[in-house]
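Work through the exercises below with the coordinates open, and try each task before reading its solution.

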Amino acid sequence: MTIVNGYEQSDREQKLDILNLPSLENAAKKIIPAGGFGYISGGSEDNWTLGANTSAFNHAQIVPKALSNIENPDTSTSIFGIDLKTPVMMAPAAAQGLAHSRGEVSTAEGVAAAGALMAQSTYSSTSIAATAAAAGGAPQFFQLYMSKDWDFNYALLDEAKKAGVKAIILTVDATVDGYRESDIINDFQFPIPMANLQKFAEGDGKGKGIGEIYASAAQKINEDDVRRIAEYTKLPVIVKGIQSPEDALRAIGAGAAGIYVSNHGGRQLNGGPASFDVLPAIAKAVNKRVPIIFDSGVRRGSHVFKALAAGADLVAFARPAIYGLALGGSQGVQSVFEHITHELTITMQLAGTKTIADVKQAPLTHFNY
Ligand SMILES: Cc1cc2nc3c(=O)[nH]c(=O)nc-3n(C[C@H](O)[C@H](O)[C@H](O)COP(=O)(O)O)c2cc1C
């Protein structure tokens, strides 16, 4: 264990023997300090949307296909010409030093070892350059929380470009922080600095609450910002936090190269729909013009399958990977990605789908239990 500013960080480094991803939460709760665990696990208000995200996968069912004459399903796929072993991606998540002393550096190693794609958060515990280097050439995206201060935005985008990231994810659903009761109960303040903020006047985030961090975020975000970031970086810009066909079309109209369907894991607008429930209508509106990344509530191989069949091209999660990080460092993260990909392989075989392209064509039936 490493103690930083009174906060106990895990130092574990081990492969995990995983039964299923949901079981990791209780195990991680035992080793992540209460404030950090509340920040990671919590949603907003009464957590209704957080819960609905996972249960909504029961609103669609996979059609079993036994006589399809396939074996050894192949989970490899690609996005923007980047080849990946699995369609499961590490969502951008802040402050992973709360889970492990090596933070995002360990996550990057584990994600790369699993052949998956990682997104780095603006509010990472480790710097863009260090996290990118840890991936050893494996692809990464950088997620920007747009500040009111464009010098800040440009400086981070410059660093991300220099580190070789392949795309920018612009998160648009967190212009203020959601009403997160666990952080209020725990009077949670970040005990560990945010490496990317260190050189800026507002400070590095240490000792600040989540509301204070978001205070510098831009509240007014529109299509011009998408255009400006795309023109400045010349990288694909993926707009994250899309929950309606209207917003998806506005983002594409502004030059977005990808749409990221997400409700921030139920941490922002509580009372909004489950992310999976809005995916089909958004996919229909996007009509394959740009790729779609999906997250919020994904815990099972069958969830990954259903999201792909409902229109996603990549499927992400954050919490299970962060729990894997606390429990097993980089090898723990690798175990999490390999486990869900293993579950996906079983689902693909039983649904008669040999490739991810086949999964994307697979029918879903709808029956509300
Ligand atoms: C601890 C934590 C920190 C997060 N930080 C960010 C962030 O910095 N930027 C961002 O765009 N999304 C952030 N998210 C949201 C994730 O990218 C993702 O949308 C969400 O976690 C998906 O839900 P799941 O974790 O239940 O799979 C964070 C989520 C968690 C759990």
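The exercises that follow concern one helix and two loop residues of this predicted model.

**Exercise 1.** Determine which residues of helix H10 are buried, and where they lie around the helix axis.

*Solution.* Begin with the span of H10, residues 245-253, in which the buried residues are Ala248, Ala251 and Ile252. Because these residues cover an arc of only 95 degrees around the axis, they are placed on the same side of H10. Next, turn to the other side of H10, where Glu246 and Gly253 are exposed. Finally, look for the packing partners of the buried residues of H10, which are helix H9 (223-233), strand E10 (237-242), strand E11 (258-261) and helix H11 (275-286). Following H10 comes Gly255, with a positive phi near 100 degrees.

**Exercise 2.** For Glu45, find the sign of phi and the loop that holds the residue, and then decide whether Glu45 is buried, exposed or partly exposed.

*Solution.* The phi of Glu45 is positive, near 45 degrees, in a residue that is not glycine. As background, most residues other than glycine have a negative phi. Glu45 sits in the loop that runs between helix H2 (34-41) and helix H3 (48-55). Because 15 other C-beta atoms lie within 10 Å, Glu45 is partly exposed.

**Exercise 3.** Carry out the analysis for Ser296, asking about phi, location and burial.

*Solution.* Ser296, although not a glycine, has a positive phi of about 110 degrees. Its place is in the loop between strand E12 (292-295) and helix H12 (301-309). The cut-off for a buried residue is 20 or more other C-beta atoms within 10 Å, and Ser296, with 28 C-beta neighbours inside 10 Å, therefore counts as buried.

Conventions:
Residues numbered from 1 in each chain as written. Predicted model: local features only at pLDDT ≥ 70, side-chain atom pairs only at ≥ 80, totals over all residues. Buried ≥ 20, exposed ≤ 12 C-beta atoms within 10 Å, placed from the backbone. Helix = DSSP H or I, 4+ residues; strand = E, 2+ residues; numbered from the N terminus. Arc of directions from axis to C-beta. Contact = placed C-beta atoms within 7 Å.
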